[in-house]
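Hi everyone, thanks for coming. I'd like to walk you through a structure that may be new to you, so please have a look at it on the screen.

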Amino acid sequence: MNPPLIRFTDVNKRFGPLTVLDRFNFAVQPGEKVTLIGPSGSGKSTVLRILMTLEPFQEGTLTLGDLSYHEPNGRGPFMASDKHLRDLRKNVGMVFQSFNLFPHMSVLRNIVEAPIAVLDMRRDAAEARALELLRLVGLLDKRDQFPSQLSGGQQQRVAIARAMAMRPRVLLFDEPTSALDPQLVGEVLGVIRTLAHEHDLTMLLVTHEMRFAREISDRVCFFAAGRIVEQGTPERIFSSPEQPRTQEFLKSVLTGQG
Amino acid sequence: MTWVHDLAILTRGAGITAIIAVISTLLGAAIAFIVGVARVEGGPVVARIALFYIEFMRGTPLLVKLFWLYYALPLIGVSLDPFTTGIVGLSLNIGAYGAEVVRGGLQSVPDVQIEAARALNFSRRYTLLHITLPQTVIEMMPAFGNLAVQNLKDTALVSLISIADLTFRAQQLRNITLDSARIYTLTLLGYFVMALVLSAVMRFLEHKARRGAAFPRGMQQ
Amino acid sequence: MMYGFTYDTSSRLAYALSILPILGIGLIVTLEAAVAGFVFALVLGLAWSLLRRSRIRAVSWGAACIVEFIRDTPLLIQLFFLYYVLPDYGVILPAFLTGVLALGLQYSAYTSEVYRGGFDAVPREQWEAATALNLSRFRIYRDIVIPQTIPRIAPAMGNYAVSMLKETPVLSVVTVLDMLNLANMIGDRTFEYLVPLSLVGLIFPIMTTLCSVGIHALERILPKAGVALR
Ligand SMILES: Nc1ncnc2c1ncn2[C@@H]1O[C@H](COP(=O)(O)OP(=O)(O)OP(=O)(O)O)[C@@H](O)[C@H]1O
Ligand SMILES: [Mg+2]
């Protein structure tokens, strides 16, 4: 087996007195598609947000390739310099539950802004890439619209294109369809499904769409109270979960989904 | 005859008032952005200095600041001419109020926008200039409009440090003509008209900014 | 010498300490002017806001214009107007009272806006319920609307009270012996303005901070549901 791309080792994460991750251990192989499931408040978003450097953590180590999230002499809440954090972020992209497109920029500019400003891409190259991505998410005709003129599903597809434009090695999805009307969920899942075929892209997905998780993931991890209680192939987790908490959780969500 | 004469003198004063108001408002806006950004984005030391500046400037009366600059500052070796004193005093004063507007605007941008910018690896500077400020600057404009009118009214105080503005001319005329009712009525009307014009300009700018934001060049409806 | 206190110019510190009592006397005048002016502003502002709600178009429109005019013109000129024009018509008032009138007039424009926002925020149902009980308009305002409005408008009113406190030094221009005027007079006599003016510049932020603390405390103790006027 290859060395893992992402490795959490005994990571502790607290918000004040509340311990959210408790000696958390977790590794992800390059190119792996991992789905995180679990009850609300179990720490799934926190794992993604730590990877995106949106949250610091207190103890333990986290590595991404050969980069450690804590610098040897790092300071501040992240124990790392701004430059180091930016080096880390080069590898990671994130798709948020609430899309978070920039409301004052057109669809095209939302996508090309970061490649031009951060990766120093030339505008024509960035736009060519953006149009390619817009074709991929099926929104080529919306390039000059503004986010407020799009449906939620369209906004989320733009947000996915925007994240992909930075060519991340790891793409994080935090409940990308939870804020959408039911009839719009399918189009977003369709885009994520396409990305799941990209061999090199490592994906971490938090979702309540169990059938979709089963279909695209290599591995499903069940979270409870800041730890991974059970993990395995989707077939095993969904058809024969071993832990009672997993069984209970799956029963409660699957009855809801019919 | 006297009406024409009085009006001519008052108009000359009003010109000075307008110049002082415009310069100090623009300088004040610059201070507002620098201090407001420092307050939100600065490290612990810088943010605290900005806070102190804002609180101190907003805590002291403008007239006291003007007199201090005019009478006290020369005693520690810094002599400014009245015009500069007036501009500096007004700008420092209105800049502090504006800084609070900028702070409020920046803090009103949802945190998730800043997180999205971070996820795209924008630098903090880039995030400020291209993500947060553009989203909020239009929302700040009504408050800036009010402050501009406030500042226009405040300029009347510079007459007390011997700048020949509208108020100063009114005082001169009154001392000569002793026709207080007429002179002050004209003066009040002068300020009122200038305030209306200023409000209209600020509303026009806001309107233009909103149009610009909603229908940028190159967009087909 | 002023008010029986002598200036000790042997050192800056001694000088500052020797003139503090004099400035203290001025501070009392400053506070009196602010309190009296704000009470007047509260009353007059309420009057403006009620006139603006008048069913007679000319009245509501006229009140709106007057308020706009007052708000858009400088306090200093309004003060000069009252100070120099009223005597021409036989109304001779002490300078302090003229100053209080000018402060109250200027700030009535601001307080009337606050009242207006407060009245607009009272739910329609409250008006309808009061009307259904066949209360007179006077009673509706006194017993139903204003009591509910008070906790809502208190913070904004408090901020204006602090602003007004900071504008009182303007009264020194018409010979009111407030803190700034006394500081200038001390400066005129000693040729040393730095210490008296700096002291005034320090005392004001202390005063405004204390006032803000007091206002926050007041906001906390005001019942959210309203304050009955009787
Ligand atoms: N900024 C914060 N400050 C304090 N507590 C927080 C913060 N963010 C998250 N938490 C707490 O941390 C715990 C884990 O949160 P997290 O968002 O990771 O859960 P989750 O598994 O994603 O849940 P959900 O399914 O509701 O999104 C929760 O109890 C939450 O209340
Ligand atoms: Mg979550």
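I'll start with how the chains meet, and then go through the two sheets of chain A. Please keep in mind that this is a predicted model.

So, which chains touch? There are two pairs of chains that touch, and the pair with the most contacts is B and C. Chain A and chain C, on the other hand, do not touch, and their nearest C-alpha atoms are 28 Å apart.

Let's look at the contact of chain A with chain B. Chain A brings 29 residues to this contact, and chain B brings 23 residues. Together the two chains bury about 2,100 Å², with 59% of that on carbon and sulfur atoms. Which residues of chain A stand out here? R89(A), F102(A) and H104(A) supply 23% of the area that chain A buries against chain B, more than any other three residues.

How many salt bridges cross this interface? The rule finds one between chain A and chain B. Its partners are R49(A) and E115(B), whose side chains meet at 2.7 Å, N to O. As general background, side chains of opposite charge can pair when their charged atoms come close. As for polar contacts, seven residue pairs are counted between chain A and chain B, with both residues at pLDDT 80 or more.

Now, where on chain A does this touching side come from? The elements α2 (82-89), β6 (92-95), α3 (107-117) and α5 (152-164) of chain A each supply at least two of its residues. The most comes from α3(A), with three residues. By type, the side of chain A that touches chain B has 16 nonpolar, six polar and seven charged residues.

Let's move inside chain A, to the sheet of four strands. This is an open sheet in the order β2-β1-β4-β5, with antiparallel pairing. At the edges stand β2 (18-28) and β5 (67-68) of chain A; each has a single partner strand, so one side of each is left without a neighbour in the sheet. Within the sheet, β1 (residues 6-15) and β4 (residues 59-64) of chain A run antiparallel and are joined by five bridges. You can find I6(A) opposite L64(A) in β4(A).

There is a salt bridge to point out here too: the side chains of D10(A) and R23(A) meet at 3.7 Å, N to O. D10(A) sits in β1 and R23(A) in β2 of chain A, so this pair ties together parts that are 13 residues apart in sequence. Over all chains, the search finds 33 salt bridges.

Next comes the sheet of six strands in chain A. It is also open, and its order is β6-β7-β8-β3-β9-β10, with mixed pairing. The edge strands are β6 and β10 (227-232) of chain A, each with a single partner strand, so one side of each has no neighbour in the sheet. On average, neighbouring strands of this sheet are turned by 20 degrees against each other, direction ignored. Strands β3 (residues 33-37) and β8 (residues 202-206) of chain A run parallel, joined by four bridges. One pairing to look for is L36(A) with its bridge partner V206(A) in β8(A).

Finally, what about helix α1(A)? On the six-stranded sheet, α1(A) touches β3, β6, β7 (170-174), β8 and β9 (219-224) of chain A, and its direction makes about 145 degrees with that of β7(A). Helix α1 (residues 44-51) of chain A also lies across β1, β2 and β4 of chain A, at about 115 degrees to β1(A).

Terms used. Residues numbered from 1 in each chain as written. Chains lettered and ligands numbered in written order. Predicted model: local features only at pLDDT ≥ 70, side-chain atom pairs only at ≥ 80, totals over all residues. Heavy atoms only, no water. Contact = heavy atoms within 4.5 Å. Buried area = accessible area lost by both parts, 1.4 Å probe. Salt bridge = Lys/Arg side-chain N within 4 Å of Asp/Glu carboxyl O. Polar contact = N/O pair within 3.5 Å; in protein donor to acceptor, adjacent residues only side chain to side chain. Nonpolar A, V, L, I, M, F, W, Y, C, P; charged D, E, K, R; others polar. Pairing = 2+ DSSP bridges. Axes fitted to C-alpha atoms, helices over the stretch in contact; angles between N-to-C directions.
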